[in-house]
Structure formats: structure tokens, C-alpha cells
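Let's take a walk through a protein model together. Please have the viewer open, so that you can turn the chain as you read.

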Amino acid sequence: MSLHFDLKEIITATMILFAVIDILGSVPIVIDLRKKAGHIQSGKATIVSIILMILFLFLGDEILNLIGIDVNSFAIAGSFIIFFIALEMILGITVFKDEMIGSHSIVPLAFPLIAGAGTMTTLISLRAEFALENIIVAIFINSIFVYFVLKTSQRLENILGSVGLNVLRKVFGVILLSIAVKLFTSNINQLF
């Protein structure tokens, strides 16, 4: 098996994943999670999201077929999670109960914010267009950036202040809501 690294494919896949993961848009969510949990394990969240993305890249279709779920249904379920997170950001309400304080690094941070339904369906789409090794490199490049943003979210909060953070939270809440609606509408049509 020979590897065919292609800089153009790596850059394109990296940019697509960067847009879908949208870690910069998730900064207000990360800060909220940090306030609720007291601490977020940036390394753990990044590693878990890398593992989820690579596993789904190789086994995504098979896993979903095994449990009888198609990619479109998976994406719609993910859109509901993103929708409720967006509502929390926009309205300043709490929909998700904080019963599992210590697990915020995994849920909802690693999944579904970083390696969510949008990312998973994008990986399956990328696999049809690009070589696996180029997609894997793109995953790692994005993961380095994700780790950096997670690690510096406290500093970003200090720079923005409470008013700036509140504005950013509302703006990105609307963007996240739009992503949820787009994910829902683009996949609901495929089911019927």
C-alpha cells in the first residue's frame, strides 16, 4: 500500500473540516462549559475527538449500517443537539442538565461540538473525493488548532470581557442555529 500525500488535497480537506468543526465559533460554548465544570481537559477532548473522527473515517458507514442508521438520520440527530446548544447560547437558558460535571470534556465538547454529526458526514463525503492519508493529515492539523483554542479560551475570555463574550455568544448562537437548520434541511430531504 503506497501513500499519496497531496498538498492540495490536504489544504482543501483541512479548510473544509475547519469550517465544519468551527472551533472559533464554539469559543463561547467552551467558556460556558469551563464555568459549569470548573475545568476542561483540553488534551483529553482533543484526543477523543481525533479518535472519533479517524474511527468514523474508516468505519462510519459500517457502524451506522450495523445499527440500522443511515448517515442522514445521524446528521438529523446531531442537528437537534446543535439546535439546543444554540438555543442555550441565544436565550441564556439551560436545556442540558449538569448531572455529569466531570464529563464536559467528552460530551458535549469532543462530541458533538468538535467531532459531531456535521464533521462525521463531512468525513464520509471527503473519503469519496480524497485519499485517506490526506484526510488524516487534515484531521491532525485541525486538532492542533482545536487544542490551541481550547487551551487559550480562558485568555480569550479575559480579552473579550463579559460584554464582548455575551455578544459573541449570541452571534455564534445564531450561526450555530443556522448550521443546525442547514444540517437538518439538507438531510431530511434525503430521507424521503
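What follows goes from one helix to a pocket and then to a pair of residues. Keep in mind that this is a predicted model.

Let's start with helix α1, which runs over residues 7–21. How far apart are the end C-alpha atoms of this helix? They lie 21 Å apart, and this agrees with expectation, because 15 residues at 1.5 Å a residue should span 21 Å. At the N-terminal end, D6 acts as a cap on α1. One of the side-chain oxygens of D6 sits 2.9 Å from the backbone nitrogen of K8. Just after α1 comes D22, with a positive phi near 50°.

Now turn the model so that you look along the helix. The buried residues of α1 are E9, I10, A13, T14, L17 and I21. Seen down the axis, the buried residues of α1 fall within an arc of 125°, so they line one face of the helix. On the face turned away from that buried side you will find K8, M15 and A19, which are exposed. What, then, covers the buried residues of α1? The cover includes α3 (42–66), α5 (105–114), α6 (117–129) and α7 (132–191).

Next, let's visit some empty space. Rolling a probe the size of a water molecule over the atoms reveals where such space is left. The second largest pocket holds about 410 Å³. Its lining is made up of 22 residues, and those closest to the centre are V20, G118, T119, I179 and L183. Two or more lining residues come from each of α1, α4 (71–91), α5, α6 and α7. Which of the elements gives the most to this lining? That is α7, with six residues.

Finally, consider two residues that are 124 places apart along the chain: I29 and S153, whose C-alpha atoms are separated by 10.0 Å. I29 belongs to helix α2 (residues 27–37), while S153 belongs to helix α7. Is I29 buried or exposed? Buried means under 20% relative accessible area, so I29, at 6% relative accessibility, counts as buried. S153 counts as buried because its relative accessibility is 1%.

Their contacts fill in the picture. Setting aside neighbours within four places in sequence, I29 is in contact with I85, M89, L113 and L176. With residues up to four places away again left out, S153 touches V30, I31 and R34.

Terms used
Residues numbered from 1 in each chain as written. Predicted model: local features only at pLDDT ≥ 70, side-chain atom pairs only at ≥ 80, totals over all residues. Heavy atoms only, no water. Helix = DSSP H or I, 4+ residues; strand = E, 2+ residues; numbered from the N terminus. Expected span 1.5 Å × (residues − 1). Buried < 20%, exposed > 50% of the residue type's maximum accessible area, 1.4 Å probe, protein only. Arc of directions from axis to C-beta. Contact = heavy atoms within 4.5 Å. Polar contact = N/O pair within 3.5 Å; in protein donor to acceptor, adjacent residues only side chain to side chain. 1 Å grid on protein atoms, 1.4 Å probe; cavity = no way out; pocket = protein on both sides within 12 Å on 5 of 7 lines; lining within 4 Å. Points joined across faces, edges and corners; volume = space filled by probe spheres on them.
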